[in-house]
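The exercises below each set a task and then work through it step by step. Please keep the sequence and the coordinates at hand while reading.

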Amino acid sequence: MSSGSGKRVVVTGATGNVGTSVVRLLAEDPEVESVVGLARRSPDRTPPGTEWSTVDLGAEGADLAGVFEGADAVVHLAWAFQPTHDPAVTWRTNVLGSLRVFEAVAAANVPALVHASSVGAYSPGPEGERAVDESWPTHGWPDAAYCREKAYLERALDTFDRDHPRTRVVRMRPAFLFKRESASEQRRIFGGRFLPGQVARPELLPFLPDVPGLRVQALHTEDAAQAYRLAVRTEVRGPFNLAADPPLDAELLAKMFDARPVRVPRTAARSAIAAAWGLRLLPASPHLFDAVLRLPLMDCTRARVELGWRPQRTATEVLEEFLHGMRAGAGAPTEPMRGRKVG
């Protein structure tokens with residue numbers, strides 16, 4: 001435990017989409033005395049009460065236990081989405097790196113571990129409109145590396161929970177997370193570095209593909225960060241679903257873009273994505289597309305009741321902000337979030 005009056009919190013993946021928001025909110029929290037941000041590259045700016053430690057979780061030999069010593073909580077956010085053509089690389093960072101974090105938390109006797117799981121950890125959802133709570137199985141979609149890795153870590157945390165009952169383990173399972181500052185990063189991750197942000201303009205989209213079953217939930221990154229902050233401060237355990245209303249589907253998106261929805265069969269959409277991915281024109285794989293089609297809608301009652309958490313922005317507002325950010329090439333002063341305008 002920290003020796004001062006406030007908490008000492010370590011955040012992995014501190015320079016990414018979620019990490020930048022979590023670090024800022026924790027640094028502003030009067031109950032938090034200091035924040036240590038872990039990243040492969042330290043940023044140019046340091047919020048008050050924050051220090052940086054340069055660590056590559058995918059590399060062996062990092063002294064994580066030494067960094068975690070004296071911490072009241074570790075918030076584990078670090079994640080690599082690419083290269084999607086080489087899942088062994090993402091496995092090394094995401095799975096083996098996470099296992100090193102868990103082992104170091106135990107070795108340093110950190111009282112709380114808050115882990116970034118995902119809606120992608122869930123098994124395919126039920127038929128119809130029924131939303132699932134945190135008891136829904138978390139076996140992911142095995143063909144998609146992202147889902148496979150998130151599900152594997154859920155099993156690893158089951159074992160960690162059993163073997164280290166004194167450590168309070170919280171698993172956050174958020175929907176797709178967006179904010180203006182993440183627009184450039186997420187365009188590169190999912191659309192490719194040469195996809196121009198200007199395609200997000202409504203006048204350039206006279207019609208919108210309507211793929212049967214394609215419906216997702218979204219959440220503003222700042223709202224997710226508030227849930228992480230509450231999890232650090234509150235004596236809660238276990239998983240929490242995080243999402244905002246309404247779910248996003250082709251009908252809603254067509255209204256936002258003032259475009260006409262055009263039905264596109266799943267097989268045709270997947271074939272186009274597979275071709276672009278195979279030619280390395282699109283980073284997002286067809287396996288991830290398969291997984292997204294099967295994601296369940298999440299019921300977030302537990303987060304409202306036990307954390308006192310409510311999103312401040314609707315999913316529609318989140319997407320509008322993100323699209324404005326894409327058009328502007330928005331970013332932030334950290335290496336993963338650098339703003340880059342293409343086209």
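A residue counts as buried under 20% relative accessible area, as exposed over 50%, and as partly exposed in between. The model used throughout is a predicted one.

**Exercise 1. Describe the overall dimensions and make-up of the chain.**

Solution. Begin with the secondary structure, which comes to eleven helices and twelve strands. Next, consider the extent of the chain: along the principal axes, its C-alpha atoms fill a box of roughly 60 × 40 × 40 Å. A compact globule of 343 residues would have a radius of gyration near 20 Å, and the value for the chain, 20 Å, agrees with that expectation. Then turn to burial, where 51% of the 343 residues count as buried. The accessible surface amounts to about 15,600 Å², and carbon and sulfur atoms hold 53% of that area. Finally, look at the contacts with a separation of 6 or more, of which 78% are between residues 24 or more positions apart.

**Exercise 2. Classify the aromatic pair of F81 and Y146, and place both residues in the chain.**

Solution. A pair of aromatic rings is described by the distance of the centres and the angle of the planes. The whole structure holds five aromatic pairs according to the search. In the pair of F81 and Y146, the centres are 5.6 Å apart and the planes make an angle of 15°. Planes under 30 degrees apart count as stacked, and the pair of F81 and Y146 is accordingly a stacked one. As to position, F81 belongs to the loop between β4 (73-76) and α3 (87-107) while Y146 belongs to helix α4 (residues 145-163), so the pair ties together parts that lie 65 residues apart in sequence. F81 has a relative accessible area of 36% and is partly exposed; Y146, at 22%, also counts as partly exposed.

**Exercise 3. Repeat the analysis for W91 and Y152.**

Solution. The ring centres of W91 and Y152 are 5.0 Å apart and their planes meet at 65°, so this pair is edge-to-face, given that the class requires an angle over 60 degrees. Because W91 lies in helix α3 and Y152 in helix α4, the pair ties together parts 61 residues apart in sequence. The relative accessibility of W91 is 28%, so W91 counts as partly exposed; for Y152 the relative accessible area is 39%, and Y152 is partly exposed as well.

**Exercise 4. Which rings have a charged end sitting over them?**

Solution. Take W79 to start with: the charged end of K150 sits over the ring of W79, at 3.7 Å from the ring centre. W79 also belongs to one aromatic cluster together with F81 and Y146, which links this step to the stacked pair of F81 and Y146. Then take F240, over whose ring the charged end of R302 sits, 4.1 Å from the centre.

**Exercise 5. What are the surroundings of R155?**

Solution. R155 is placed in helix α4, and with a relative accessible area of 31% R155 is partly exposed. Leaving aside residues up to four places away in sequence, R155 touches T138 and H139. T138 is 17 residues from R155 along the chain, and their C-alpha atoms are separated by 8.6 Å, yet the side chain of R155 reaches the backbone oxygen of T138 at 2.6 Å. A further polar contact, of 3.0 Å, joins the side chains of R155 and D158.

**Exercise 6. Inspect the backbone for unusual peptide bonds and phi angles.**

Solution. Most residues other than glycine have a negative phi, and most peptide bonds are trans. Considering the peptide bonds in turn, the one from Q82 to P83 is cis, with omega near 5°, and P83 is found in the loop between β4 and α3. The bond that joins D245 and P246 is likewise cis, with omega about -5°; P246 lies in strand β11 (residues 244-248).

For phi, D258 is not a glycine but has a positive value of about 50°. D258 is in the loop between α7 (250-257) and β12 (260-263) and counts as exposed at 70% relative accessibility. R280 also has a positive phi, near 60°, and is found in the loop between α8 (266-278) and α9 (286-293); at 61% relative accessibility, R280 counts as exposed.

Definitions and conventions:
Residues numbered from 1 in each chain as written. Predicted model: local features only at pLDDT ≥ 70, side-chain atom pairs only at ≥ 80, totals over all residues. Heavy atoms only, no water. Phe/Tyr/Trp six-rings, centres within 6.5 Å; stacked < 30°, edge-to-face > 60°. Helix = DSSP H or I, 4+ residues; strand = E, 2+ residues; numbered from the N terminus. Buried < 20%, exposed > 50% of the residue type's maximum accessible area, 1.4 Å probe, protein only. Lys NZ or Arg CZ within 6 Å of the ring centre and 35° of its normal. Rg over C-alpha atoms; globule rule 2.2 N^0.38 Å. Contact = heavy atoms within 4.5 Å. Areas by Shrake-Rupley, 256 points an atom, 1.4 Å probe, with all protein chains shown as cover. Polar contact = N/O pair within 3.5 Å; in protein donor to acceptor, adjacent residues only side chain to side chain.
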